[in-house]
Amino acid sequence: PTANEYKTLTAGAGMTIVHGVGSITFTSTAAMTALVRAFAAVNQLVGLAVDTSIALATESFDTDGVFAGSVFTAPATGKYKLCLHISGIAAGATAAETRMYLNGAPGVGTIIATAPTYLGAIVVEFGWELNALIALTAGDTIQFSLFAPTNNVTIQGGTTKTWFDIMRVA
């Protein structure tokens, strides 16, 4: 979705957004804030067995100025719907895990969600998503990493390849 598509969500209460296999129905437009869409602008190498922060360095939009340096900071206490989509390339059998960190970088923050994947034994392009509805307190931070213990992985850059979006829903 574009920034304009997201901004139309403030039109009225009772709106339902369908995303993937689920949906969210809003009872009030007051909660729909902190709209962010960011993406990886360039490819990023994830080294063997290194928990690597995912560089989401380019913003499509950030309505409340709450995303910087690949880190989202909750502007208010509430529930947030987020999605991280990763596209990558790996050569050979590769197990990889996307990690979502609360209040700190990889190795410092608390891992609050993971999305494991296994890639086959050939050079392969892959994609997967980590979707969550999470409760955050004002000032909490969220950031992501990729850990590949068995092989190097290249995260693909581009607006449709590796991206993150989040919005406050309640």
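In this predicted model, Q156 picks up quite a set of partners from elsewhere in the chain: beyond its neighbours within four places in sequence, Q156 is in contact with A40, N43, S87, G88, I89, E125, K161 and T162. The residue sits in the loop between β14 and β15. Despite being in a loop, Q156 counts as buried because its relative accessibility is 10%, under the 20% cut-off.

Zooming out for a moment, the protein has 1 helix and 15 strands. Of its 170 residues, 46% are buried. Contacts with a separation of 6 or more are mostly long-haul, with 75% of them linking residues 24 or more positions apart. The protein exposes about 7,700 Å², and carbon and sulfur atoms supply 58% of that area.

Next comes strand β13. Here 7 of the 7 residues are buried, so the strand is largely enclosed by the rest of the structure. T141, Q143, S145 and F147 point one way from β13, while I142, F144 and L146 point the other way. Burial holds for both sets.

As for pairing, β13 runs antiparallel to β10, with 6 bridges between them. Strand β5, residues 52–53, is also antiparallel to β13 and is joined to it by 2 bridges. Strand β8, residues 71–73, likewise runs antiparallel to β13 and has 2 bridges to it. I142 in β13 turns up in two of these pairings: it is the bridge partner of L102 and also of F72. On the β5 side, S53 stands opposite S145.

S145 itself deserves a closer look. This β13 residue has 0% relative accessibility and therefore counts as buried. Its side chain makes a polar contact with the side chain of D51, at 2.5 Å. D51 is also one of the residues S145 is in contact with once its neighbours within four places in sequence are set aside. The others are T52, S53, I54, E97, T98, R99, Y101 and P106.

Then there is the nonpolar side of things. In soluble globular proteins, nonpolar side chains tend to be buried together. The largest nonpolar core here has 32 residues, and those with the most contacts inside it are F72, L82, M100, F144, L146 and F164. Elements giving two or more residues to this core are β3 (33–39), β9 (78–90), β10 (94–102), β11 (110–119), β12 (124–136), β13 (141–147), β14 (153–155) and β15 (163–168). The largest share, 6 residues, comes from β12. F144 and L146, both among the core residues with the most contacts, lie on the β13 side that also carries I142.

L82 gives a feel for how these pieces meet. Leaving out residues up to four places away in sequence, L82 touches M100, L130, N131, A132, I134, F144, F164, D165 and I166. Three of those partners, M100, F144 and F164, are themselves on the list of core residues with the most contacts.

I112, in strand β11, is a less enclosed case. With 37% relative accessibility, I112 counts as partly exposed, because that value falls between the 20% and 50% cut-offs. Not counting residues up to four places away in sequence, I112 touches M100, L102, I134 and I142. L102 is 10 residues from I112 along the chain, and their C-alpha atoms are separated by 6.5 Å. M100 and I134 are contacts of L82 too, while I142 is the β13 residue that bridges to L102.

Definitions and conventions. Residues numbered from 1 in each chain as written. Predicted model: local features only at pLDDT ≥ 70, side-chain atom pairs only at ≥ 80, totals over all residues. Heavy atoms only, no water. Core = buried A, V, L, I, M, F, W, Y, C linked by side-chain atoms within 4.5 Å. Buried < 20%, exposed > 50% of the residue type's maximum accessible area, 1.4 Å probe, protein only. Helix = DSSP H or I, 4+ residues; strand = E, 2+ residues; numbered from the N terminus. Contact = heavy atoms within 4.5 Å. Polar contact = N/O pair within 3.5 Å; in protein donor to acceptor, adjacent residues only side chain to side chain. Pairing = 2+ DSSP bridges. Areas by Shrake-Rupley, 256 points an atom, 1.4 Å probe, with all protein chains shown as cover.
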